[in-house]
Amino acid sequence: MKSLFLITARGGSKGIPHKNIKPLNGKPLIYYAIDVARQFVEDEDICVSTDGDDIIKTVEDYNLKVLFKRPAELASDTAGSYEVILHAVQYYEALGRLYDNIVLLQPTSPFRTKEDVEMCLSKYDSDCDMVVSVKPAASNPYYDIFEEDVNGNLVISKGDGKIPRRQEAPKCYEYNGAVYVINIDSLKSRHMSDFKKVKFCEMSEIHSVDLDTMLDWKYAELLIQEGLV
């Protein structure tokens with residue numbers, strides 16, 4: 001099984017300016033993803049997809065060659081991850097370099113570990129569309145997520161609303177954005193939103209930290225300062 005480790009890093013970032021190259025604990029954020037990828041494959045099997053010249057320079061200063069600059073149409077606010085991932089696959093195929101799957105590592109998850117990636121890879125096989133990392137959902141549709149009914153009243157989203165304690169509700173998860181192992185054959189045949197055979201691996205709350213706002217960033221710095229990661 002041959003994997004292409006893909007790190008996607010768009011240049012524009014509104015929540016945290018210059019997020020992907022902003023130093024976290026003295027190291028540009030994108031280096032955390034590169035460090036994990038290098039524990040699995042050689043640099044030739046690590047792809048950084050970006051439209052930012054400053055990101056390209058930062059990555060190449062870390063001795064990782066960036067083979068292409070992401071097209072402008074794939075770097076807008078409306079561009080989707082599916083198209084970005086497919087573009088990277090097609091670029092490498094044009095070079096005659098074929099892979100069985102994509103391991104997507106987003107730079108915004110700096111606390112993912114080698115073990116987290118290994119866990120996802122161990123669950124992957126060619127019969128599934130994707131393996132994705134998750135964390136326990138902050139809210140549960142059987143317990144504390146509500147919807148408006150036809151009369152304008154709030155009702156529990158799922159079930160009969162008679163579950164007295166969260167611990168008794170079915171366990172629910174949310175994607176944490178840290179690790180995706182994607183079947184390339186599946187990727188070519190349908191959009192990721194249409195994947196049906198999706199396995200998952202649960203990560204801890206701390207390792208699942210995703211940096212989207214400055215509050216997230218401050219929280220990550222606190223975790224480092226307190227020695228929790």
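**Second largest pocket.** I began with the second largest pocket of this predicted model, and I noted its lining as Lys27, Tyr32, Asp35, Val36, Pro110, Phe111, Arg112, Thr113, His207 and Val229. For its volume I wrote down about 150 Å³. When I asked which element gives the most to this lining, I found helix 1, with three residues. Sorting the lining by class, I got five nonpolar, two polar and three charged residues.

**Helix 1 against helix 2.** Since helix 1 had come up in that lining, I next looked up how helix 1, residues 29–37, packs with helix 2, residues 53–60, and I recorded an angle of about 50° with the axes 10 Å apart. That angle makes helix 1 oblique to helix 2. I entered the handedness of their crossing as right-handed. On the side of helix 1 the contact is made by Ile30, Tyr31 and Ile34, and on the side of helix 2 by Ile55, Thr58 and Val59. Counted by class, I have five nonpolar residues and one polar residue in this contact, and no charged ones.

**The cavity.** I then turned to enclosed space and asked how many cavities of 30 Å³ or more the structure holds; I found one. The largest cavity has a volume of about 40 Å³. Around it I listed Arg10, Gly11, Ser13, His18, Lys19, Asn20, Ile21, Asp54 and Ile55 as the lining. Ile55 was already in my notes as one of the residues of helix 2 that contact helix 1, and here I met it again in the lining of the largest cavity. By class, I divided the residues of this lining into two nonpolar, four polar and three charged.

**Largest pocket.** My last entry concerns the largest pocket, in which about 560 Å³ of space lies. I counted 26 lining residues, and those closest to the centre of the pocket are Thr8, Arg10, Lys19, Ser81 and Gln106. Of these names, Arg10 and Lys19 had also appeared in my list for the lining of the largest cavity. Helix 3, residues 81–94, supplies the largest share of the pocket lining, and I noted that this share is three residues. For the classes I wrote nine nonpolar, 10 polar and seven charged residues in the lining of the largest pocket.

Methods:
Residues numbered from 1 in each chain as written. Predicted model: local features only at pLDDT ≥ 70, side-chain atom pairs only at ≥ 80, totals over all residues. Heavy atoms only, no water. Axes fitted to C-alpha atoms, helices over the stretch in contact; angles between N-to-C directions. Helix = DSSP H or I, 4+ residues; strand = E, 2+ residues; numbered from the N terminus. Parallel < 35°, antiparallel > 145°, perpendicular 65-115°, else oblique. Left-handed = near helix turned anticlockwise from the far one by under 90°. Contact = heavy atoms within 4.5 Å. Nonpolar A, V, L, I, M, F, W, Y, C, P; charged D, E, K, R; others polar. 1 Å grid on protein atoms, 1.4 Å probe; cavity = no way out; pocket = protein on both sides within 12 Å on 5 of 7 lines; lining within 4 Å. Points joined across faces, edges and corners; volume = space filled by probe spheres on them.
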